[in-house]
Every structure is written in C-alpha cells, then in structure tokens.
Amino acid sequence: MLSPAFLSKLRSLLPAHCVLNEREDLLPFESDGLAVYRNTPDVVALPEDEAQVAAILKLCHAHRVAVVARGAGTGLSGGALPVDGAVLLVLSKLNRIKAIDPLARTAVVEPGVRNLAISEAAAVHNLYYAPDPSSQIACSIGGNVAENSGGVHCLKYGLTVHNILKLRAWTIAGQLLEIGSESLDSPGYDLLALLTGSEGMLAVITEVTVKLLPRPERAQVVLAAFDDVATAGAAVGNIIAAGVIPAGLEMMDRLAIQAAEAFVHAGYPLDCAALLLCEVDGVNEEVSDDIYIVREVLEASGATEIRTAESEQERLRFWAGRKAAFPAVGRLSPDYYCMDGTIPRTQLPHVLARISEMSAEYGLAVANVFHAGDGNLHPLILFDANLPGELEKAEAFGSRILELCVEAGGTITGEHGVGLEKIKQMCVQFAIPELTRFNEVKTAFDPDTLLNPGKAVPELHRCAEWGAMRVHDGQLPHPELPRF
Ligand SMILES: Cc1cc2nc3c(=O)[nH]c(=O)nc-3n(C[C@H](O)[C@H](O)[C@H](O)COP(=O)(O)OP(=O)(O)OC[C@H]3O[C@@H](n4cnc5c(N)ncnc54)[C@H](O)[C@@H]3O)c2cc1C
C-alpha cells in the first residue's frame, strides 16, 4: 500500500487527470496481453512530458517506491504486470513524433508513439520503419525497445536493436542517460544494446531515434502448401541455403490455417498440413530473380501447391490471414496461451514433431503460427481456464516447450521477453555465472531493485527454490539449499 503522503506528493507533480487511483480507473491496467496474470495497480501515473517522468522517478526513488513502466500494454510475458506497492508509470501520453529527417533517414519519437504511426508519418518521404510486430497497430516504440521486438520483416531487416540509433532514458534515481549516436559506432560500452530488451528493469526510455528505410520498389509473396510440417520446416532451411534472404518467411500448421481461413478468407488451401508464406522485396529485377529461385526450391523441397500472388490485393490477402492468425485461433477455444521460443532453423522438424507429441500427452491442442525464417516459434496452446486444472496444464505444457527450445540449442524467448512468465526458465537457459552478471548489471543501474522488481532476471536463490537450474561445470548453484 502506498502512503497518503506519497500519493499526495505524486499528485502534486502531475495534472489531476494524470493520476488514477479509483478502482474502476485502475482495472484496465491490471494485465498486459498475457491476461492470465492480473494484479490491480495501486496507482497509475500518466505523465505528459519527459520532465514529469523524471520528477516521478525522483520521488519514487526518494521514497523507495517501486516503478513499473508500461507502454501500450500489449506485451505477452507479463512485463508490464503491476507490482504491489508500486507506481504503474504509463508512457502512452508521450506520443509525439518530434522530427523526421528524410536525408539522414531517421525519426525522433517519444516512447508512447505507436510502431505503425512511425511508418505512417514517414510514408510521405517514401520511407518506413522496418520492425513490424503483429501488434504494430497498437504497441509503442518504447515497449518495442524494452522488449527488442521483432516481426515478419526482421529476418531481412533485423530486430529493434538493429533499427535504432539513440535513446534518452532515465535511471530510477532521476539521472538522464543519452545513449548511442547518429554514427554507426559509439565509444564506450554498448549501452544502447544493453537497454534494448531490458524490459523496464534498467531505465525508463523517453525518446528513441529510429532508422528509416526506403520503401522497397516491389514486394511479392509466394504461398506453398505441404503435406507435413517437417517437410515445410526443411523447406525453410533450403530457401535460405539457396542464398535468398526473404523479407518474411512465415509458417502456419493445419489448425492455424483453418482458423485464419475461416476468419479472414485469405484463400488458403485447406487440405494441407502446413503453409509457408515467403515474401521477397527489393528492386523489380531482383524480386523476379528471387521469386524464380524460391519457387524452384519449394518445388524441390516437396511443396504440393505453389502460388505467387498475382496482384497487390492478393499479396495483402495472403498476409491478412497470417496477421490475423492469433485472433483467429482465439475463436477456436475460450483461451489460448501463446508461447515464444527460438530454435536453430535446422531443428524445426524435430521440435515441431515433439510439440505435437506433447500436445497428445497433455490433451491440449496446439496451433503453430510463426516466424519460420528466424526459427522463432509461437505455439498457441488451446485451453479453457474455466475447467479446473486446465490453466496449470497449459502452463506446464508451455514450460516443457521452452525447455525443449533450450535443449534444441535455442532460447526461451524470441521476441516477447521474459517478464514474469518465463522467469523460471531463465534458470534453465543460463547457469550461475551468467545469472550473476545479469544481477550485477541490474544492480549497477538500480541498486535498490525498484524498477520492475521480480521480472526478467531471477535472483539466484530463486532458481534454487524453484529447483530449476542448469548444471555448470558439474556444479549446481547453491548446493546448500534444499531442492523443491
Ligand atoms: C496480438 C499480438 C501480436 C504480437 N505480435 C508480436 C510480434 O510479432 N513481435 C513481437 O516482438 N511482439 C509481439 N507482440 C508482443 C508485444 O506487442 C511487444 O512485446 C511490444 O513491443 C510491447 O509493446 P507495448 O508498448 O505494448 O509494451 P508493454 O506491454 O506496455 O510493456 C512491455 C515491457 O516494456 C517495458 N516498457 C514499456 N515502455 C517502456 C519505456 N518507455 N521504458 C522502459 N520500459 C518500458 C515494460 O515495463 C514491460 O516490461 C504481440 C502482442 C500481441 C497482443
């Protein structure tokens, strides 16, 4: 509980409409996109400018009050889940595009600007911002930086970290950090990369300078159907081995295809087990050459049907099915749990086969729809939270999938972050020396653990308590602690 004295000081920093602590005003902020975890915040602060953000942080630091930053709240790992006794610092009112420089091909934006709004504003200069999470209509650039978000086009154009140049960010003590530069290299440690993906644990971002790219002259998509998922998985590797880097290379399995088709009528074949969408972009001649290669590789890889979109409308329709696949799957079952893990591309057939076996073992259906080109899986586990034990079963199944990704040489997150959801699996992914360094970095920025406490990086003793630990050099961390 926050003290009345603290709340009164907080109110003195902001206009009255920017501090919420009536229950009905707080409820919309009780979860992020991972709605199975909920916690009503004690208070929500909605600053309107950077000076207010700095003042709130200084106040919280002085009173040792924790702060959870929140952008649009579309995160899928509980990163912006409110913490008891903390201020939920919502950055959505900092939503100004401050400058677009078509010569330098950059935009300077506040953290609450929506991802898609950057491309919309840059379109007049025939430029766009490449990272395109499927949530891009709603998610904020501050959240994108904090999660190092990706999207369909990141296979060719990189993740958020590859598409930003500079940040302004504030430590919990209210110190301004100006990080990065307009050139490709900066002296000192790479704090830009460190803050990207730091999940609101190190500093609060108040300004982002992003790179803009020229819109490609032409984009063309090929759709390929397969009789089994493993063959489609192998075709993904074959395309890249043939020297083509697609702008997007996405895969859907039977359940996802059927759900997407019923929802948006994209024109997908329904008699196949897996579908690949492979987009190439660039100048006209390059696209024609790449399409030819892609079709040949797909045919040689065993595709049963190959279609190249014949018009821009058809290209957009093919993508509409993929982009709407998550909500489409939401129509199949009362709840679904979206997992996010990454594996080496070569492991796709093995891992997808294991997920299908586990689906039978847990008695829960899974729809797979994912960024196949970069091995970023999104198994959607279907369940009904109203049935006793189903949520726990879905969570246990999800944990097994993440651990399978680690066994296959991959990681427990591709783009959705660790948040609260995957904090135990961090103990599986990393051993004590790495976790120790992570905790030391956290302490260097936030010695009192006030920024987003309990998220993303587990304290070492927690791993021992959870009994989830990686053996390193034949040694378990904290051998003196009992295992549960
Ligand atoms: C339907 C759907 C599809 C999605 N598809 C994708 C996808 O394709 N790729 C992908 O990467 N993600 C995807 N996501 C997940 C989510 O949209 C991204 O993680 C996004 O970057 C979150 O942005 P946000 O503004 O909503 O952040 P929030 O959810 O509000 O916050 C996310 C994290 O960032 C921190 N944070 C937010 N703003 C700041 C700030 N200014 N300073 C410091 N920390 C901050 C929070 O503390 C939290 O830890 C999807 C989500 C949904 C619901």
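**Two sheets and a ligand shell: a tutorial**

Student: Happy to start with the sheet of five strands. Which strands stand at its edges?
Tutor: Keep in mind that this is a predicted model. The five strands make an open sheet in the order S5-S6-S10-S8-S9, with antiparallel pairing. An edge strand has a single partner strand, so one side of it is left without a neighbour in the sheet. That description fits S5 (97-101) and S9 (176-180).

Student: In S10, which residue is the bridge partner of Arg168?
Tutor: Good one to look up in the viewer. Strand S8 covers residues 164-170 and S10 covers residues 204-211. The two run antiparallel and are joined by six bridges. In S10, the partner of Arg168 is Glu207.

Student: At about what angle does helix H4 run to S5?
Tutor: H4 takes in residues 115-122. This helix lies across S5, S6 (106-109) and S10. Its direction relative to S5 is about 45°.

Student: Now the other sheet, please. Which strands stand at the edges of the sheet of four strands?
Tutor: Here the order is S1-S2-S4-S3, again an open sheet, and the pairing is mixed. Each edge strand has a single partner, so one of its sides lacks a neighbour in the sheet. The edge strands are S1 (19-20) and S3.

Student: In S4, what is the bridge partner of Ala69?
Tutor: S3 and S4 (residues 86-90) run parallel, joined by five bridges. Ala69 is also one of the residues that come nearest to the ligand. In S4, its bridge partner is Leu89.

Student: What angle does the direction of helix H3 make with that of S4?
Tutor: H3, residues 50-63, packs on this sheet. The helix touches S2 (43-45), S3 and S4. With the direction of S4, the angle is about 170°.

Student: On to the ligand! How far is a polar side-chain atom of Ser140 from an oxygen atom of the ligand?
Tutor: Ser140 is among the residues that come nearest to the ligand. Backbone atoms take part in polar contacts too: one of Gly75 is 2.7 Å from a ligand oxygen, and one of Gly79 is 3.4 Å from a ligand oxygen. For the side-chain atom of Ser140, the distance is 2.6 Å.

Student: How much of the ligand's exposed area does the protein bury?
Tutor: Taken alone, the ligand exposes 980 Å². The share of that area buried by the protein is 94%.

Student: Which element gives the largest share of the shell around the ligand?
Tutor: The shell divides into 12 nonpolar, 17 polar and four charged residues. Elements giving two or more residues are S3 (66-70), H5 (141-147) and S10. The largest share, five residues, comes from H5.

Conventions. Residues are numbered from 1 along each chain as its sequence is written. This is a predicted model: local features need pLDDT of at least 70, side-chain atom pairs count only at pLDDT 80 or more; totals for chains, interfaces and linings use all residues. Side-chain values use heavy atoms; hydrogens and water are left out. Two strands pair if DSSP finds at least two bridges between them. Contact means heavy atoms within 4.5 Å. Axes are lines fitted to C-alpha atoms, for helices over the stretch in contact, and angles run from 0 to 180 degrees between N-to-C directions. A residue is near a molecule or strand if one of its heavy atoms lies within 4 Å of it. A polar contact is a pair of N or O atoms within 3.5 Å; within protein, one must be able to donate a hydrogen and the other to accept it, and residues adjacent in sequence count only if both atoms are side-chain atoms. Accessible areas come from the Shrake-Rupley method with a 1.4 Å probe; for residues, only the protein chains shown count as cover. Ala, Val, Leu, Ile, Met, Phe, Trp, Tyr, Cys and Pro count as nonpolar, Asp, Glu, Lys and Arg as charged, and the others, Gly among them, as polar.
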